Structure formats: C-alpha cells, structure tokens
Amino acid sequence: RELDEVKFAAESADPMEKLFVWFGKVQMLLAAQTIASDALALDKETAAVLDVGCGNGFFCEVLHMMGFKNVTGSDYSPASIRLSTHVQMHFRKSEREWGTKYLVDNILWTRLAPASYDLIHDSGTLDSIAMTLAEQPAGPRGPFDPPPQGAPSPPEEPPHDLPKGDQPHLFQGEGASGYLRNVARLLKPQGVLLMRSCNHSA
C-alpha cells in the first residue's frame, strides 16, 4: 500500500488528500487525543514518543501539529520512510523547524536506544507480525512462544541516504514475543504502550 502512496504523492500537489490511515482517521485522532490527554500527563516539550510501523507518517505529523516536539516514526520499509519524509514537507515551514524524525528500523531487530521513550504507539504492527510467523523445522510456532535457540540473520541495511538507529541490532525473538520484549526494552520506566489492534480475538 505504501508503494502505491509513493507514486500518488509524487504526482500530487497535496499528498494529504488521499493518504491511507489504518483503522480510519477518526480512530487515529482519538488515539492522538489520548496521547495529549491529562490522563497521560505527557510534557509536549520533552516527552519522547515513538510510532512503531509509522507507514506514511500521517499519525506522527498529527502529533506534531498538536505540539509534540520529540516524535520519532520508525518503519522497516525504506519506501515508507521516504513517503513519510515527503508527507512531512507539507507540515513544515522550515527544514530546521522542530518536528518528527523518521528512521528505518525493524522492531524485531531494533537499533533504537533502550529506555528512550515515554510512549510507544502501535497501529497494526503487532497484528502484522503475529499473523506472519515463520515456519520452524519443528512446525509453526505460536505468537507468544519463547525465542528459538540462535537468532537468524539480521535484516539488510537500509539505503545509505535514509536514517537509522545507531545501536547494535537487538533480536529477542520472532513474532509477538520478540515484539513485546523489544518494546518493553525501548520504553522508559513507567513508559506507556498505546496499541490499536484489529485482532479482537488475540
């Protein structure tokens, strides 16, 4: 879907017009309002927010418009990060203006620094990971099984012109188990994971 949006964005004067949003824009705005709510009491000036699987970056830019000054969007797809950067241009008055950072990062092999984020937002990334488990020699594994012995090879390095994390790859298991371990490691003490899921049976 992101590849189709890259083509659309390149041909459109306003890529915001038809950008795809997982679960719809109403749900996206409700999530943004939750992050900005008094219940979470996040300081917009200093709170570090990570959007895992940021896709086209729309949600990150909404947080930017709401006043959050330390937002990071990560995605394993270089095409998504390129699109996010293009979308970002429509929210900026200056290249030096504060705003969102976009990084190529696979949450199962994250290179982001531990204990760095006050809040991590996920809109469908865990769903995608849990539904695409690799087959093992002993048969399929459940989404919350412990990691297998020996980690597989890390993903390919992103193109040199795209930013990435500066830490060594951290693999803590495949599927939902590896996702949850890495998310927990990235959160600060008392940090919050805000997740939206379409898989109501999990």
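Here are some notes on this predicted model, going from the strands to the core, the salt bridges and the surface.

1. Strand 1 is a good place to start. Running over residues 49-52, strand 1 is covered on both faces. V49 and D51 sit on one side, L50 and V52 on the other, and all of them are buried. As a reminder, side chains in a regular strand alternate between the two faces of the sheet.

2. Next, the neighbours of strand 1. It pairs with strand 2 (residues 71-75) in parallel, through four bridges. To get from strand 1 to strand 2, the chain passes through helix 3 (residues 58-65), and this β-α-β crossover is right-handed. Strand 1 also runs parallel to strand 5 (residues 117-123), again with four bridges.

3. If you want a residue to click on, try V52. In strand 2, V52 has S74 opposite. In strand 5, its bridge partner is D122. V52 itself is buried.

4. Now strand 5. Six of its seven residues are buried, so the strand is largely enclosed by the rest of the structure. Besides the pairing with strand 1, strand 5 is joined to strand 9 by six bridges, and those two strands are parallel as well. You can follow this across the sheet at I120: L50 stands opposite I120, and I120 in turn stands opposite L193 in strand 9.

5. What does helix 3 look like in terms of cover, buried or exposed? Mostly covered: seven of its eight residues are buried. Those are F58, F59, C60, E61, V62, L63 and H64. Note that E61 and H64 are on that list along with F58 and F59. Just past the helix, G67 adopts a positive phi of about 110°.

6. Helix 3 also matters for the largest nonpolar core, which has 19 residues. The members that touch the most others are I35, V49, F59, L63, F68, V71 and I81. Helix 2 (25-35), helix 3 and strand 3 (100-104) are the elements that each give two or more residues to this core. Helix 3 provides the largest share, with five residues.

7. On to charges. Side chains of opposite charge can pair when their charged atoms come close. How many salt bridges does the structure hold? There are four. One of them joins E45 and K69, whose closest N and O atoms are 3.2 Å apart. E45 is in the loop between helix 2 and strand 1, while K69 is in the loop between helix 3 and strand 2, so the pair links distant parts of the chain, 24 residues apart. K69 counts as partly exposed because its relative accessible area is 32%.

8. A second salt bridge pairs R111 with E157, at 3.1 Å between the closest N and O atoms. This one spans 46 residues, from the loop between strand 4 (109-110) and strand 5 to the loop between strand 7 (139-140) and strand 8 (170-171). R111 is buried, at 17% relative accessible area, whereas E157 is partly exposed at 41%.

9. D118 and K188 make another salt bridge, 3.2 Å from N to O. D118 belongs to strand 5 and K188 to strand 9, 70 residues apart in the chain. K188 is partly exposed, with a relative accessible area of 30%. Elsewhere, R111, E157 and K164 are tied into one network by salt bridges that share partners.

10. Which residues form the nonpolar patch with about 200 Å² of accessible area together? The patch is made of L180, L193 and M195, on the surface. M195 lies in strand 9 (residues 187-196) and counts as partly exposed because its relative accessibility is 32%. L193 is the residue opposite I120 in the strand 5 pairing.

11. A last stop is L40, in the loop between helix 2 and strand 1. L40 is partly exposed, with 27% relative accessible area. L40 and G191 are 151 residues apart in sequence, while their C-alpha atoms are 9.9 Å apart in space.

Conventions
Residues numbered from 1 in each chain as written. Predicted model: local features only at pLDDT ≥ 70, side-chain atom pairs only at ≥ 80, totals over all residues. Heavy atoms only, no water. Buried < 20%, exposed > 50% of the residue type's maximum accessible area, 1.4 Å probe, protein only. Pairing = 2+ DSSP bridges. Right-handed = clockwise from strand over helix to strand, strands pointing away. Patch = residues over 30% accessible without salt bridge, like charges linked within 9 Å, V, L, I, M, F, W, Y side chains within 5 Å. Areas by Shrake-Rupley, 256 points an atom, 1.4 Å probe, with all protein chains shown as cover. Salt bridge = Lys/Arg side-chain N within 4 Å of Asp/Glu carboxyl O. Core = buried A, V, L, I, M, F, W, Y, C linked by side-chain atoms within 4.5 Å.
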